[in-house]
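Me: I have a protein and its ligand on screen, and I would like to know what stands behind the labels. Could you take me through them?

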Amino acid sequence: MAKGQFSGALVEQLEEKRQGEAMQGNGVANAKAKLLYLESYGCAMNFNDSEIVASILKKEGYEITPVMHDAHLILVNTCSIRERAEQTVRNRLRQFSRIKKNKPGTVIGLLGCMAERLKEKLLEQEKLVDIVVGPDAYRELPKLIDECNGGQKSVNVLLSLEETYADISPVRLGTNGVTAFVSIMRGCDNMCSFCVVPYTRGRERSRNPETIVQEAKDMFDKGFREVTLLGQNVDSYLWFGGGPKKEFEKLTKEEQESSVNFAQLLELVAKVSPDLRIRFSTSHPKDITDDVLYAIKNHKNICNYIHLPMQSGSSPVLKRMNRTYDREWYLSKIDAIKTIIPDCAVSTDIITGFCGETDEDHKNTMGVLDYTQFEFVYQFKYSERPGTLAARQYEDDVPEEIKTQRLNELIKKQSEMSYNSNLKDIGRTFEVLVEGTSKRSEEQLYGRNSQNKVIVFPKADYKPGDYTTVKVTDCTAGTLIGELA
Ligand code: SAH
Ligand code: SF4
Ligand code: F3S
């Protein structure tokens, strides 16, 4: 994903839009404040981490500036998921270096997944940055910046078994004041063979549910009306007092009794207020349970929308990907969703051209699309990541043109599917949470329905944060168009 790259649908939509987004703070800059320019790439979790970083540095007297030339400190929170994401950041770092030439006191810091993956490399070999800080070491930032101001380059890329930043209240950046991200866990214990995340984010650990509920309450009190609970694999959430993930069966009896799983967490957050919508991302087909589906069904404010990455519709490819489910298992999960929550929208992620993928494998993936009719598909060309299982075990043998051709077929199919799905909504009435003014017209507002579809409709007296009811009268492949009902 590019500047602003997200795992998970809600998040992936932002991915393309928020390429290398400069984070904007609220409020007026104090003339004496130290100025921080913070740019973020990658998934929603990474954007939420930037909000944690902003909170840590605000306490140190930093204020966010959207103008990089004014900044005393330039931080770039990075993503390693695909090669292109890293390349974009390297180019950006060269631009930052030029600013530093004119303003030698400027400190440049590399945060996030690239920092974790490359460690000292960008500091020593390419001399592009002054500090390198991995995703679990943000509390150390003030100290590292001080060291750097004292003339020393500094690095902290230690991964943690416990850190969840549970007590830090994120400073909301680039916010619409209506929707916000809340991280519920960190790291990932899965070993999908193509994926760099377990190496850059470390072991999976869950955040204390009390702090999650408290953060959701605070957001609601501040006027927010939707929270998206974030994790690389939210269905695997399990709180039993902290520390690295353990399976429920391995907990002591006391730990089991006081533990909170994802379905239970959803219910706790849903009870904050019936007017607070809850979304979550990302679900893993191997871990999503019927309890989660019933929690969605039983709480109107838990949205009818699941992002369930499939990656491939071919069992042999899934096996090489080490996804630990096969095509039939994935389809059985789709069936369970449609049976328990008939009005649930489902989106997915697909990788084209993974090692050894044949035309037949690709056809099988397209076949699942016909069967499932996803509301949205996020598709990526396989990009080999150094050090991953796939890089070590399999040859990246699908030619670039074939990867692109398969990707384009998917994109075409995806846009037909989205349009057909939107056509079916014409004549239906939805509750919509208003998020802002439409880009096309000041007279129109936009918001989303429970299924995560964007709807544009006449303004009347509504404002962001209001709920309203909209009847769909028309659509494009990307948007529903409606009138107030
Ligand atoms: N934790 C989430 C996904 C995180 S990454 C999950 O398990 O679904 C977001 C998406 O990026 C993945 O779903 C996958 O489709 C894609 N992705 C990850 N590694 C990739 C790689 N090496 N090349 C291409 N796409 C990749
Ligand atoms: Fe990567 Fe797999 Fe973990 Fe998702 S579940 S972050 S794809 S290793
Ligand atoms: Fe997210 Fe990219 Fe890291 S997708 S977890 S920022 S590699």
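Me: Which residues are the closest to ligand 1, and how many surround it?

Reply: Happy to help! This is a predicted model, where local features need pLDDT of at least 70, side-chain atom pairs count only at pLDDT 80 or more, and totals for chains, interfaces and linings use all residues. Residues are numbered from 1 along each chain as its sequence is written, chains are lettered from A and ligands numbered from 1 in the order written, and side-chain values use heavy atoms, without hydrogens and water. Ligand 1 is surrounded by 18 residues, the closest being Gln-232, Pro-309, Gln-311, Asp-349 and Ser-383; near here means a heavy atom within 4 Å.

Me: What makes the pair between Asp-349 and ligand 1 a polar contact?

Reply: A polar contact is a pair of N or O atoms within 3.5 Å. An N or O atom in the Asp-349 side chain is 2.6 Å from an oxygen atom of ligand 1, so the pair fits the definition. A polar backbone atom of Gln-232 lies 2.7 Å from a nitrogen atom of the ligand. The protein buries 96% of the 540 Å² that ligand 1 exposes when taken alone (Shrake-Rupley method, 1.4 Å probe).

Me: Why is Ile-426 called partly exposed?

Reply: Buried means under 20% relative accessible area and exposed over 50%, with partly exposed in between (1.4 Å probe, protein chains only). Ile-426 has 36% relative accessibility, so it counts as partly exposed. Ile-426 sits in the loop between helix H16 (400-425) and strand S18 (429-437); helices (H or I, at least four residues) and strands (E, at least two) are DSSP runs, numbered from the N terminus.

Note on methods: A polar contact is a pair of N or O atoms within 3.5 Å; within protein, one must be able to donate a hydrogen and the other to accept it, and residues adjacent in sequence count only if both atoms are side-chain atoms.
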